[in-house]
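Please open the structure in your viewer and keep the selection tool at hand. The tour below proposes one selection after another and describes what is found at each stop.

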Protein chains: 2
Amino acid sequence: MKAASLVADLRARKAPAIARAISLVENARAGFEELLSALHPSLGHARRIGITGPPGAGKSTLTERLVQAYRAQGLTVAVVAVDPTSPFTGGALLGDRIRMESIALDPGVFIRSMATRGSLGGLATTTREVCDVLDGGGFDRILIETVGVGQSELDVARTADSTVLVLVPESGDGIQTLKSGIMEIGDLFVVNKADRPGADRLRQEIEVTLGIRQGNAFRHVKAHHGVSATRRLDGSTAVPDAEPPSRRGAEPPSWQQPVLGTVAAKGEGVGDLLAALDQHHDWLVSTGELVRRRRRRLYERTREVVERATRQWIWQESGAEQAIQEQMDAVMEGRASPYDVAALVLDGLKQGSRV
Amino acid sequence: MKAASLVADLRARKAPAIARAISLVENARAGFEELLSALHPSLGHARRIGITGPPGAGKSTLTERLVQAYRAQGLTVAVVAVDPTSPFTGGALLGDRIRMESIALDPGVFIRSMATRGSLGGLATTTREVCDVLDGGGFDRILIETVGVGQSELDVARTADSTVLVLVPESGDGIQTLKSGIMEIGDLFVVNKADRPGADRLRQEIEVTLGIRQGNAFRHVKAHHGVSATRRLDGSTAVPDAEPPSRRGAEPPSWQQPVLGTVAAKGEGVGDLLAALDQHHDWLVSTGELVRRRRRRLYERTREVVERATRQWIWQESGAEQAIQEQMDAVMEGRASPYDVAALVLDGLKQGSRV
């Protein structure tokens, strides 16, 4: 079987096999679902780490530094660079990739850019499937970097085990965009270019928004290992974690998102970020959250695959396209509405016949 | 029939009926498709104008000014403010709406904010359907304002007859994000806050990217009415329109996107924008492009409605949800893959039976 031999080559981490498998998946070519299905039982080795944030936050540089640090530990790393807004950023994407060439020559590193296309499955699903290929390929770490703001951040957060939200002092609107939903996306916060003016203020603003108010990053990272009191701005003391200490034995400790400072261009703070990522992974494992996240991902994946396969059935097999085309004159003339035509098509689909 | 009486109340532009109809559509409550189907034959009165651009470009202020100008002409106006990134902007949206209160008290104006939700149909489809309700409600102009950057701009462009892309000198990355795809989105370009430093440069950059190189906005707006030569930077003359004059009789003239300057906060340039919008509408009508755009929209709408109705069938009627839940333990244990389960579900759907 073709899938089986490709799986074997993937496990051996042969670069051509990896590239071929990713192309297969990206283009949804014949056999891609068999491949992913064959990989499924062996998935879960790789730690999936999302790097996200606004344009210009230095995500690519930080990603490069993380790769170097993991390589120094003897770990293999795959980078998936997703740019859901590529029609709007154009050349910028390429620029980032060129900068990464220093690590691209390392055989223990695999870098893949993914651009938005009108794919049947949607970018998020395809990205997850590419990560599966890399996981099946035995990589120890998969870094998923997303350029852009908006829905893509939410999607990457659901792809990764740990999501790093990167901000910079000069992102200006940065803290304004940090309201509500986005705070839940970041498992770890990084203020990059932390040597620039405004970095401390940004960090403080993030901590206020997170409900930490005051303290340094590592006090928060360690908060789930023991109870560490931080001093409030008014001088009183408070436990940063929401749960009272007495309940610690009964319930798993919640994760207090750390706010770290880095200067990625100089490699500063990267070691601390690595340590915080390891701590987050330990937390995921020890609390059972990793299994819960994996189960939710697999559930969502199954739904997505059903929807994608259904769309393929409707538009490429069922004859629905032709049925709509035949009704377009009636729709234009007001004799039929889009809803009338859609109901007609759906009735045909429900009867399992060609409409 | 319920839909019929609601349609009658809508036509009479009774505000409670409009609000009720929009809620019905937004929440996809029972009867919303009948309502939209009943409205379908009478649609097309309203001109749909999209206002889009990066955050902070002053879109809301410009929208407010446009509303005031249309009102001064005795026209009724509906505003649909779409914020596809609302989890990230939070309070900002509300701020804009509060500022619009000056026009919100006018009975000839209707303002509706739409936030992203995990709706069955997707935000773009729902926005188009809300615009249909407003069109059915007899409004002369519908302004669709989108906050955010990315896919949302592409979507709004497909919703509107005329799309205005608003930029500001200080948007910084603005011109960098103007590569490739986005230039086709704007039927009209506005450099807002045109009294600030850098406005002329931004305008020039846009014109260079559009292939105009030199000239002022109104020369370009008028380019399709007659051939106006603009002087190139090197001193030679050139016809801004791509088509040679001799072919004007045979083919419809193409639209040369104007680049206008406004200071929305002071109302400057709004009259020019209004005139340019009218000219674009004339062009849409005279070239048959309006009919083509409408046909494409109705075709896409029909496909969207088919997909939405199919999703509803799958997840709420077919039993697929239960089938997946029952298989989740097998998926977690690696005995079945998401693709195995999806294939099982799809087979059931194709047979028209409950899976």
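Begin by selecting the buried residues of H2(B), which are Ile18(B), Ala21(B), Ile22(B), Leu24(B), Val25(B) and Glu26(B). This is a predicted model, and the tour describes it as such. An α-helix has 3.6 residues a turn, so residues three or four places apart point the same way. Keep this in mind while looking along the helix.

Now select the whole of helix H2, residues 15–26 of chain B. How far apart are its end C-alpha atoms? They are 16 Å apart, which agrees with the 16 Å that 12 residues should span at 1.5 Å a residue. Continue past the end of the helix to Ala28(B), which follows H2(B) and has a positive phi, near 50°.

From Ile18(B), move to one of the residues that touch it. Phe110(B) touches Ile18(B), and beyond four places in sequence it also touches Ala78(B), Leu134(B) and Phe139(B). Phe110(B) lies in strand E3, residues 109–115 of chain B. Is Phe110(B) buried or exposed? Phe110(B) counts as buried because 22 C-beta neighbours lie inside 10 Å, and the cut-off for a buried residue is 20 or more. Select Thr76(B) as well: Phe110(B) and Thr76(B) are 34 residues apart in sequence, with their C-alpha atoms 8.5 Å apart in space.

The next stop in chain B is Ile185(B), in the loop between strand E5 (162–167) and strand E6 (188–191). Ile185(B) is a loop residue that counts as buried, with 23 C-beta neighbours inside 10 Å. Add Gly50(B) to the selection: the C-alpha atoms of Ile185(B) and Gly50(B) are separated by 10.0 Å, although the two residues are 135 apart along the chain.

Turn now to chain A and display it alone. Chain A has 16 helices and 9 strands, and buried residues make up 49% of its 355 residues. Among its contacts between residues at least 6 apart in sequence, 71% join residues at least 24 apart.

Select helix H4 (residues 59–72) of chain A together with H13(A). At what angle do the two helices pack? The angle is about 70°, and the axes are 10 Å apart. H4(A) is therefore roughly perpendicular to H13(A). On the side of H4(A), the contact is made by Arg65(A), Leu66(A) and Ala69(A); on the side of H13(A), by Val270(A), Gly271(A) and Leu274(A). By class, this contact has 4 nonpolar, 1 polar and 1 charged residues.

Bring chain B back and select Arg295(A), which is found in helix H14 (residues 289–316) of chain A. Arg295(A) is partly exposed, with 14 other C-beta atoms within 10 Å. Across the two chains, Arg295(A) touches Met328(B) and Met332(B). Asp329(A) is 34 residues from Arg295(A) along the chain, and their C-alpha atoms are separated by 47 Å.

Finally, colour chain A by pLDDT. The mean pLDDT of chain A is 80, and 74% of its residues reach 70 or more. Among the elements of chain A, helix H13 (residues 270–287) has the highest mean pLDDT, 98, and strand E7 (residues 230–231) the lowest, 37. Over residues 85–96 of chain A the pLDDT is below 50. Residues 214–248 of chain A also stay under 50, and the model has 59 contacts for them beyond four places in sequence. The model as a whole scores ipTM 0.79 and pTM 0.73.

Note on methods. Residues are numbered from 1 along each chain as its sequence is written. Chains are lettered from A and ligands numbered from 1 in the order in which they are written. This is a predicted model: local features need pLDDT of at least 70, side-chain atom pairs count only at pLDDT 80 or more; totals for chains, interfaces and linings use all residues. Helices (H or I, at least four residues) and strands (E, at least two) are DSSP runs, numbered from the N terminus. The expected span of a helix is 1.5 Å times one less than its number of residues. A residue is buried if 20 or more other C-beta atoms lie within 10 Å of its own, exposed if 12 or fewer, and partly exposed in between; C-beta atoms are placed from the backbone. pLDDT is the predictor's confidence in each residue, from 0 to 100. Two residues are in contact if their C-beta atoms, placed from the backbone, lie within 7 Å. Axes are lines fitted to C-alpha atoms, for helices over the stretch in contact, and angles run from 0 to 180 degrees between N-to-C directions. Angles under 35 degrees count as roughly parallel, over 145 as roughly antiparallel, 65 to 115 as roughly perpendicular and the rest as oblique. Ala, Val, Leu, Ile, Met, Phe, Trp, Tyr, Cys and Pro count as nonpolar, Asp, Glu, Lys and Arg as charged, and the others, Gly among them, as polar.
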